[in-house]
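User: I am new to this one. Please show me the structure, then let us take it in questions and answers.

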Amino acid sequence: MTEDCDGEEKDEETRRWSPGQGGSSSSSSRGGGSGTSASSPFKNRCVRGRVDQPPPFSGQVLENVLENVLQFLPCRRDRNASSLVCRSWYRAEARTRLELFIGNCYAVSPARALGRFRCARALVLKGRPRFADFNLVPVGWGARFSPWVAAMAAAYPWLERVCLKRMTVSDADLALLARSFSSFRDLTLICCDGFGTPGLAAVAELCRNLRVLDLIENDVEDEDEEVVDWISRFPETDTRLESLSFECVNCPVNFAALEALVARSPSLRRLRVNQHVSVGQLRCLMVRAPQLTHLGSGSFETVPVADGAAELDVAELESSFVASKSLVCLSGFRMVAPEYLPAIYPVCAGLVSLNLSYAMTTAEQLKPVILRCHNLQTFWVLDTVGDEGLRAAAKTCKHLRELRVFPFEATEDSESAVSDAGLVAISEGCQKLRSILYFCQRMTNAAVVTMSKNCQDLVVFRLCIMGRHRPDHITGEPMDEGFGAIVMNCKKLTRLAVSGLLTDKVFEYIAKYGKLVRTLSVAFAGNSDLSLRYVLEGCHKLQKLEIRDSPFGDAGLLSGIHHYYNMRFLWMNSCKLSLRGCKEVAQRLPRLVVEVFGDQNKELDGDAVEKLYLYRSLVGPRDDVPSFVKIL
Amino acid sequence: MSSGLRMEETELRLGLPGGGGGGGGGGGEVESGKNSGKRGFVEIVDLKLQLQTPVGVQEAAAEAAEKVKRSPNDDSIVSCGSDPEKPSPPKAQVVGWPPVRSFRKNILSVHSEKGRKEEGEKSSSLAALVKVSMDGAPYLRKVDLKTHRSYQELFVALQKMFDSFTTGDYGSQGMSGRDFMNERKVKDLLHGSEYVPTYEDKDGDWMLVGDVPWEMFVASCKRLSIMKGSEAIGLAPRAMEKCKNKC
């Protein structure tokens with residue numbers, strides 16, 4: 001769906017024509033000389049429902065040609081732009097769009113989306129706002145996949161790929177998906193909930209052409225009695241599986257079935273197992289699939305009961321890694337036994353991505369590993385490695401593009417072994433850095449300024465100083481100057497998350513220099529409405545703004561009226577908003593859906609608004625609003 | 001639990017939060033029976049921001065404590081940051097902060113518990129999400145036990161969560177946060193109202209919430225269920241016996 005959604009009203013008529021034989025697998029067959037075919041959709045449309053003259057024959061040819069050209073345009077922003085040229089281009093683009101990206105499932109209804117794009121084969125759909133990941137959105141808020149899968153089952157029999165993020169997907173939804181689309185091949189679920197092993201079993205059994213089943217950080221719920229052996233449900237014949245990720249499925253899997261599945265999946269390149277697979281079992285899998293490029297190792301320790309036999313020798317494990325010559329991405333390591341870590345040395349030099357963020361590795365344990373990873377571009381790690389571990393990474397990983405340092409103890413008053421020193425070391429060693437997420441307890445403006453100067457390619461800068469309102473731990477000053485330097489010096493920055501003690505000043509900087517910023521996350525920051533005003537008036541490309549616990553009120557909210565139609569959403573919780581202000585926004589912007597909700601259902605006693613979520617929508621207020629949400 | 005149970009732990013004392021009520025497991029490594037006295041509750045009130053309502057804190061008990069005893073102390077905020085050597089008093093945990101997904105928190109808390117058990121320490125305050133179901137409610141909720149430090153706080157949170165489903169039975173006596181200071185009223189809540197909070201522990205037994213010390217509860221609670229009073233009759237005696245057996 002387009003981010004800029006003008007011009008929708010005028011083309012109601014285009015919804016009435018029926019697509020050409022949608023079952024064709026390639027769009028080229030539609031374009032080539034089909035203008036004369038009796039069943040051509042163009043002819044039907046010409047005759048019906050138009051006030052002006054039917055377009056001349058040459059117009060039809062032009063549209064055919066256009067379709068042939070447009071099929072080479074994959075980028076959705078380019079497609080959005082081309083659809084605005086004129087009606088003809090709009091129609092041609094709509095017919096040739098293969099992937100439908102819907103950044104907010106409530107911005108449009110299934111009927112409208114599917115009605116405009118009749119030939120899509122892939123759907124990417126995002127639901128809940130990101131702060132739902134942190135328990136700020138009450139359970140039951142919405143974002144259900146059901147209406148979408150039901151609509152697609154009727155409209156898109158040729159659907160191939162679905163990717164969902166933060167949606168509620170039930171087992172029934174998965175079963176319907178599995179039954180309805182014979183060409184279905186890729187299913188990716190990220191941070192979703194509502195399903196369990198029964199749904200996975202349906203997908204395994206019925207999607208005969210399945211290539212990708214990636215389950216990433218979902219909340220897979222199973223009552224103990226209901227666990228289904230879904231791995232055994234894959235077809236007995238060779239499968240087309242290329243990627244299988246189930247780290248988030250918490251129940252044990254039938255290992256014999258898994259091993260057999262891997263053995264009969266010759267195309268398998270990416271395998272990420274859950275923590276119930278021991279290191280001995282992992283070795284068996286690696287022997288079956290030496291062609292793997294991505295491996296998620298599960299627990300990486302011996303589970304005494306399951307293995308039965310003697311503990312696995314490190315040398316044996318290492319030999320498996322030697323044999324896996326194609327490995328470029330390693331993850332998992334849920335309960336890594338430190339003595340097994342050296343087994344991965346043989347593959348380190350080829351690694352492009354390493355995720356140790358569930359392993360409590362110390363600096364000493366990390367060093368021999370990281371010093372071999374010359375080609376690493378993505379590195380996720382726990383702060384247990386400390387500044388010293390980060391220094392080691394900085395020394396070797398000259399091509400590092402993305403770094404994420406997660407906290408082992410995610411509390412405000414925990415001790416963290418990483419600090420400003422680690423940040424400086426990284427900035428000096430990894431000057432090609434594009435994306436960083438860094439959790440710490442102690443930070444200085446100087447360190448952040450240094451990073452802004454060394455890493456000019458930064459596109460994503462997310463710094464989380466865990467203690468609320470923490471100033472620069474050396475000077476005692478607010479962190480305004482550090483973040484200011486980031487927006488000033490990193491001219492490609494599109495995503496920013498701020499933390500620590502921050503005044504209105506930092507937002508003035510962001511407004512002045514952060515002209516490309518699209519996503520901004522704010523928590524416990526700012527002094528007054530000025531901050532919000534700066535950002536909404538200055539950041540012209542702002543799409544997603546999420547704010548919590550900051551003293552911004554109605555005046556700040558109203559200063560964004562000119563911009564909200566250009567944004568995907570605004571989220572604010574625990575600020576100083578009132579019903580009056582939110583109602584005014586709702587009233588002045590009729591195409592905006594303004595949702596207010598709170599922790600308790602009686603929150604609308606007072607005027608204070610605990611949580612606000614507003615977003616543009618083509619279809620007005622949604623019809624699945626729970627009782628604790630009020631749409632103004 | 002590594003430390004022995006002492007009788008006073010099973011007694012529901014309701015001093016100011018942190019002053020012994022429930023033992024205060026939320027802040028971290030508080031030893032059993034240690035009376036931390038004046039807990040730095042005022043840190044919650046973020047005076048620099050000059051907010052009317054306390055920022056982001058979910059527990060109403062905290063609000064009550066402020067109303068009762070509000071001693072503005074600007075220095076506490078600055079001192080946390082500018083003097084890193086002195087450990088700042090543990091702050092009340094705020095919902096969803098730091099912003100780490102539950103998925104990750106849960107995995108790491110398993111690590112930490114495993115490590116701590118080996119060393120004989122108590123588990124530190126990492127996420128402990130449990131499902132909460134209520135008779136008659138259309139869907140389950142979840143609560144992070146580690147964001148609360150006592151039964152009072154938990155009850156308030158539960159009340160808020162399920163307020164829409166009851167007609168206010170669960171606290172209809174017009175209890176405010178301050179009332180949780182009153183021991184008698186809390187007991188009335190447990191025994192007098194229509195709904196009774198129960199939990200399933202690690203052994204699979206259903207027990208009444210409130211019978212065991214708070215930390216023991218957090219460590220052993222797998223799931224919560226708010227049952228109708230009539231169904232919960234018969235739980236109490238078993239729960240007491242079980243507790244006696246463990247003592």
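Analyst: A charge sits over a ring if NZ of Lys or CZ of Arg is within 6 Å of the ring centre and within 35 degrees of the ring normal. This is a predicted model: local features need pLDDT of at least 70, side-chain atom pairs count only at pLDDT 80 or more, and totals for chains, interfaces and linings use all residues. Residues are numbered from 1 along each chain as written, chains are lettered from A and ligands numbered from 1 in written order, and side-chain values use heavy atoms, without hydrogens and water.

User: Which residue has its charged end over the ring of A:Trp141?

Analyst: The distance from charged end to ring centre is 4.4 Å. The ring of A:Tyr106 has that charged end over it too, 4.4 Å from its centre. A:Tyr106 and A:Trp141 belong to one aromatic cluster, with members including A:Phe131 and A:Tyr613. The residue is A:Arg622.

User: How many aromatic pairs does the structure hold over all chains?

Analyst: Rings of Phe, Tyr and Trp (its six-membered ring) pair if their centres lie within 6.5 Å; planes under 30 degrees apart are stacked, over 60 edge-to-face, and the rest tilted. Over all chains, the number of pairs is 25.

User: What kind of pair do A:Trp230 and A:Phe246 form, and why?

Analyst: Their ring centres are 5.4 Å apart. Their planes stand at 85°, so the pair is edge-to-face.

User: Where do these two rings lie, and how many residues apart are they?

Analyst: Helices (H or I, at least four residues) and strands (E, at least two) are DSSP runs, numbered from the N terminus. A:Trp230 is in the loop between β5 (212–216) and β6 (243–245) of chain A. A:Phe246 is in the loop between β6 and α10 (255–263) of chain A. The pair links distant parts of the chain, and the separation is 16 residues.

User: Is A:Phe246 buried or exposed?

Analyst: Buried means under 20% relative accessible area, exposed over 50%, and partly exposed in between (1.4 Å probe, protein chains only). A:Trp230 has 2% and counts as buried. A:Phe246 has 0% relative accessibility, so A:Phe246 counts as buried.

User: Which kind of aromatic pair do B:Tyr151 and B:Phe217 form?

Analyst: Their centres are 5.3 Å apart and their planes differ by 45°. B:Tyr151 lies in helix α5 (residues 151–162) of chain B and B:Phe217 in helix α7 (residues 214–220), so the pair ties together parts 66 residues apart in sequence. Both B:Tyr151 and B:Phe217 are buried. The pair is tilted.

User: What share of the 632 residues of chain A counts as buried?

Analyst: Chain A has 23 helices and 21 strands. Contact means heavy atoms within 4.5 Å. Of the contacts in chain A with a separation of 6 or more, 71% come from residues 24 or more positions apart. The buried share of chain A is 59%.

User: Which residues outside its sequence neighbourhood of four places does A:Val369 contact?

Analyst: A:Val369 is in helix α15 (residues 363–370) of chain A. Its relative accessible area is 1%, so A:Val369 is buried. Beyond four places in sequence, A:Val369 is in contact with A:Leu341, A:Ile344, A:Tyr345, A:Cys348 and A:Leu354.

User: Which residues does A:Ser88 touch, not counting those up to four places away?

Analyst: A:Ser88 lies in helix α5 (residues 87–96) of chain A. With 18% relative accessibility, A:Ser88 counts as buried. Leaving out residues up to four places away, A:Ser88 touches A:Glu63 and A:Leu66.
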